[in-house]
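Please open the structure in your viewer and keep the sequence panel visible beside it. This tour proposes a series of selections and describes what is found at each one.

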Amino acid sequence: MVIGKHAVTTNTPGNILLGAGTFHRGLKFTNGKWEGTCLGATSGGGKIAIAGELLNLEVDGMLVKTKGMTIKQGGTATAEISFAELSTDVLKMGTFFTEGESDAEGFAMLTDKARITEGDYIDGFGFVGFTADGSKQIIVIFESALCTSGLEVETKNKEQTVVKLTLEAYAENAGDLDTLPVKIYYPDGN
């Protein structure tokens with residue numbers, strides 16, 4: 001390889017994430033395979049953002065950022081997903097509604113509730129994507145996630161409706177509260 005011309009190697013196609021991937025509930029590795037329930041088809045895919053929250057210490061006379069003077073204080077992990085399917089699961093995630101007693105024959109009904117309950121959190125919320133050559137899966141799992149965007153449905157003439165939800169990672173209240181409750185799984189050898 002000529003330095004500065006390109007960085008492509010024979011490993012490159014196996015290291016490029018390609019396509020929309022899928023989003024799941026209850027994603028975990030059990031008995032040698034990944035298991036979970038897909039949350040629904042997407043249109044426009046999704047986005048995962050993981051960032052540490054940083055505090056830059058300020059000292060008189062220090063005019064630039066300096067090694068050792070930036071402290072990590074927690075972090076955030078979010079997923080923005082554009083769902084093509086308006087399923088009960090998607091409706092419940094975006095609204096914190098619960099199933100109620102329907103007064104309309106042939107229709108189920110969702111109704112508001114006063115508090116967020118354990119069932120509103122999505123345990124094992126995960127993303128599964130593949131590399132360009134299809135040889136590797138890249139998996140990101142939030143220990144628990146909660147929809148923080150609410151539900152907004154915008155309909156337009158001659159256009160497909162997409163429901164965009166933002167989910168944020170949450171730690172269990174009895175666990176490690178200093179680090180993000182997120183894991184990234186990538187095949188060995190990279």
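Begin by selecting T131, which touches P13, G14, N15, I16, L17, L18, K136, I138 and Y186, leaving out residues up to four places away in sequence. Please keep in mind throughout that the model on the screen is predicted. T131 belongs to strand β7. Is T131 buried or exposed? With a relative accessibility of 4%, T131 counts as buried, because the limit for that class is under 20%. Display the side chains of T131 and D133 as well: a polar contact of 2.9 Å joins them.

Move next to F130, which also has its place in strand β7. F130 has a relative accessibility of 39% and is therefore classed as partly exposed. Its contacts, apart from residues up to four places away in sequence, are I16, L17, L18, K136 and Q137. For a sense of scale, draw a distance from the C-alpha atom of F130 to that of E143: these residues are 13 apart along the chain, and the separation is 21 Å.

**Strand β8**

Now select I139 in strand β8. At 2% relative accessibility, I139 counts as buried. Which residues does I139 touch, not counting those up to four places away in sequence? They are L27, W34, F127, V128, K183, I184 and Y185. Add F23 to the selection: I139 and F23 are 116 residues apart in sequence, while their C-alpha atoms are 9.8 Å apart in space.

**The largest nonpolar core**

Select I81, F83, M93, F125, F142, L165 and L167 together. These are the residues with the most contacts inside the largest nonpolar core, which has 20 residues. The elements that each supply at least two residues of this core are β4 (70-83), α1 (88-95), β7 (122-131), β8 (137-147) and β9 (163-169). A general tendency is worth recalling here: in soluble globular proteins, nonpolar side chains tend to be buried together.

Within this group, centre the view on L167. Setting aside residues up to four places away in sequence, L167 touches A77, T78, A79, I81, M93, I122, F125, F142, A145, L146 and C147.

**Helix α1**

Colour helix α1 next and look for its buried residues, which are V90, M93, G94 and T95. These buried residues pack against β1, β4, β7, β8 and β9. When examining the helix, remember that an α-helix has 3.6 residues a turn, so residues three or four places apart point the same way.

G94, which lies in helix α1, deserves a separate selection. G94 has a relative accessible area of 6% and is therefore buried. Leaving aside neighbours within four places in sequence, G94 is in contact with C147, G150, L151 and L165. Add L146 to the view: the C-alpha atoms of G94 and L146 are separated by 9.0 Å, although the two residues are 52 apart along the chain.

**Positive phi angles**

Most residues other than glycine have a negative phi. The next three selections depart from that pattern. What is the sign of phi at F96, the residue that follows α1? The phi of F96 is positive, near 65°.

Select N31 in the loop between β1 and β2 (33-38). N31 is not a glycine, yet its phi is positive, at about 50°. With a relative accessible area of 76%, N31 is exposed.

Then go to K158 in the loop between β8 and β9. K158 is likewise not a glycine, and its phi is positive at about 60°. K158 counts as exposed, with 82% relative accessibility.

**The two largest pockets**

To reach the largest pocket, select I141, E143, P181, V182 and K183, which lie nearest its centre among the 17 residues of its lining. The elements giving two or more residues to this lining are β1 (17-30), β8 and β10 (182-185). The volume of the largest pocket is about 230 Å³. How many of its lining residues are nonpolar, polar and charged? The lining divides into 10 nonpolar, two polar and five charged residues.

Finish at the second largest pocket, whose volume is about 190 Å³. For its lining, select E152, E154, T155, K156, E159, Q160, T161, V162, V163 and K164. In this lining, two residues are nonpolar, three are polar and five are charged.

Technical notes:
Residues are numbered from 1 along each chain as its sequence is written. This is a predicted model: local features need pLDDT of at least 70, side-chain atom pairs count only at pLDDT 80 or more; totals for chains, interfaces and linings use all residues. Side-chain values use heavy atoms; hydrogens and water are left out. A nonpolar core is a set of buried Ala, Val, Leu, Ile, Met, Phe, Trp, Tyr and Cys residues joined through side-chain atoms within 4.5 Å. Buried means under 20% relative accessible area, exposed over 50%, partly exposed in between (1.4 Å probe, protein chains only). Helices (H or I, at least four residues) and strands (E, at least two) are DSSP runs, numbered from the N terminus. Contact means heavy atoms within 4.5 Å. On a 1 Å grid over the protein atoms alone, a cavity is a set of points where a 1.4 Å probe fits but cannot get out, and a pocket is an open set with protein on both sides within 12 Å along at least five of seven lines; lining residues have an atom within 4 Å of a point. Grid points are joined across faces, edges and corners, and a volume is the space filled by probe spheres set on the points. Ala, Val, Leu, Ile, Met, Phe, Trp, Tyr, Cys and Pro count as nonpolar, Asp, Glu, Lys and Arg as charged, and the others, Gly among them, as polar. A polar contact is a pair of N or O atoms within 3.5 Å; within protein, one must be able to donate a hydrogen and the other to accept it, and residues adjacent in sequence count only if both atoms are side-chain atoms.
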